[in-house]
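This report goes through a protein chain from its overall make-up to single residues. Please keep the sequence and the coordinates open beside the text while reading.

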Amino acid sequence: MTAGTTLTNGTTAEHELAAVQREHGRPLFAFLLRLCDGDRQRAEDLMQETLVRAWQHPEALRADDFASVRPWLLTVGRRLAIDARRARQARPAEVGDAVLENARAIGDHAERAAATLDVREAVKTLTPEHREVLVLVYFQGTSVAEAAEILGIPPGTVKSRAYYALRALRRVLPGYAADLR
């Protein structure tokens with residue numbers, strides 16, 4: 001660009017911008033491609049935005065302080081790449097439809113609290129023998145052998161009491177039957 005270039009409405013003429021792109025486009029694109037970790041689409045977007053800035057600021061392209069426009073273009077492109085990266089990092093990561101379809105639906109806290117109260121009331125309806133086996137095996141996480149040792153009964157009895165306790169709970173809590181299997 002020369003100092004005597006004509007202006008159209010305060011911006012560089014289209015033919016001058018085309019000359020800038022011909023002369024500096026390939027090195028600018030290669031530089032932006034490296035900054036975008038090989039993402040061609042992002043590099044092309046940044047290239048276009050850099051050239052828009054050049055079109056909007058003809059005074060920067062005509063400054064007599066430097067012999068080439070390339071350093072100015074590279075600086076603008078680099079700053080745009082940094083801004084774009086920061087903007088992407090500020091947003092949550094995008095997920096595809098497949099991820100959302102496979103995501104587990106989680107009930108809210110109020111539903112879980114209500115279910116807990118329902119289960120507590122249902123456990124109170126069990127016989128004391130069934131209740132203590134259920135508490136040991138399912139709520140405290142002990143094994144059948146450990147529960148048998150604690151209660152002083154055979155492991156087979158622990159299994160049968162747990163089976164009949166769950167069966168009784170299924171009758172009392174019909175809406176939760178799928179969760180108890």
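Contact, as the word is used below, means heavy atoms within 4.5 Å. With that cut-off, and leaving aside neighbours within four places in sequence, F31 is in contact with L74 and R78. The structure is a predicted model, and every value in this report is computed from it.

## Overall make-up

The secondary structure of the chain comes to nine helices and two strands, and from the N terminus on these elements run β-β-α-α-α-α-α-α-α-α-α. Of the 181 residues of the chain, 28% count as buried, while the accessible surface comes to about 12800 Å², with 52% of that area belonging to carbon and sulfur atoms.

How much of the contact in the chain, counted at a separation of 6 or more, is due to residues 24 or more positions apart? Such residues account for 54% of the contacts in that set.

## The nonpolar cores

The largest nonpolar core has 20 residues, and those with the most contacts inside it are L32, L46, M47, A54, W72 and L73. Four helices, namely α1 (14–35), α2 (40–56), α3 (58–61) and α4 (70–90), each supply at least two residues of this core, and the largest share, six residues, comes from α1.

L46 gives a view of the surroundings of one core residue: with neighbours within four places in sequence left aside, L46 is in contact with L32, C36, L80, A81 and A84. Apart from the largest core there is a second, separate core of nine residues, and its members include A122, L126, A165 and L166.

## Residues of helix α1

Three residues of α1 can be taken together, beginning with H24, which is found in this helix. Is H24 buried or exposed? Its relative accessible area is 5%, and because buried means under 20%, H24 counts as buried. The side chain of H24 is joined to that of E23 by a polar contact of 3.5 Å, and, not counting residues up to four places away in sequence, H24 touches S68, V69, R70 and L73.

G25, also placed in helix α1, counts as buried at 7% relative accessibility. Its contacts, with neighbours within four places in sequence left aside, are with V20 and M47; G25 and M47 are 22 residues apart in sequence, and their C-alpha atoms are 8.0 Å apart in space. F31 is likewise in helix α1 and is buried, with a relative accessible area of 19%. The C-alpha atoms of F31 and M47 are separated by 9.7 Å, the two residues being 16 residues apart along the chain.

## The loop after α1

D37 lies in the loop between α1 and α2, and its phi is near 55 degrees, a positive value in a residue other than glycine. As background to that value, most residues other than glycine have a negative phi. With a relative accessible area of 65%, D37 is exposed, since exposed means over 50%.

## Helices α7 and α9

Helix α7 (residues 128–139) and helix α9 (residues 155–172) pack with their axes 9 Å apart and at an angle of about 100 degrees. Angles of 65 to 115 degrees count as roughly perpendicular, and α7 and α9 are therefore roughly perpendicular to each other. On the side of α7 the contact is made by E129, H130, E132, V133, L134, V137 and Y138, and on the side of α9 by V158, R161, A162, Y164, A165, L166 and L169. Two of these α9 residues, A165 and L166, are also included in the second nonpolar core.

## The loop after α7

T142 is found in the loop between α7 and α8 (144–151). Which backbone oxygen lies 2.8 Å from a polar atom of the side chain of T142? The backbone oxygen is that of L136. L136 is also among the residues that T142 touches when residues up to four places away in sequence are not counted, together with V137 and A147. With a relative accessible area of 16%, T142 is buried.

How values were computed. Residues are numbered from 1 along each chain as its sequence is written. This is a predicted model: local features need pLDDT of at least 70, side-chain atom pairs count only at pLDDT 80 or more; totals for chains, interfaces and linings use all residues. Side-chain values use heavy atoms; hydrogens and water are left out. A nonpolar core is a set of buried Ala, Val, Leu, Ile, Met, Phe, Trp, Tyr and Cys residues joined through side-chain atoms within 4.5 Å. Buried means under 20% relative accessible area, exposed over 50%, partly exposed in between (1.4 Å probe, protein chains only). A polar contact is a pair of N or O atoms within 3.5 Å; within protein, one must be able to donate a hydrogen and the other to accept it, and residues adjacent in sequence count only if both atoms are side-chain atoms. Accessible areas come from the Shrake-Rupley method with a 1.4 Å probe; for residues, only the protein chains shown count as cover. Axes are lines fitted to C-alpha atoms, for helices over the stretch in contact, and angles run from 0 to 180 degrees between N-to-C directions. Angles under 35 degrees count as roughly parallel, over 145 as roughly antiparallel, 65 to 115 as roughly perpendicular and the rest as oblique.
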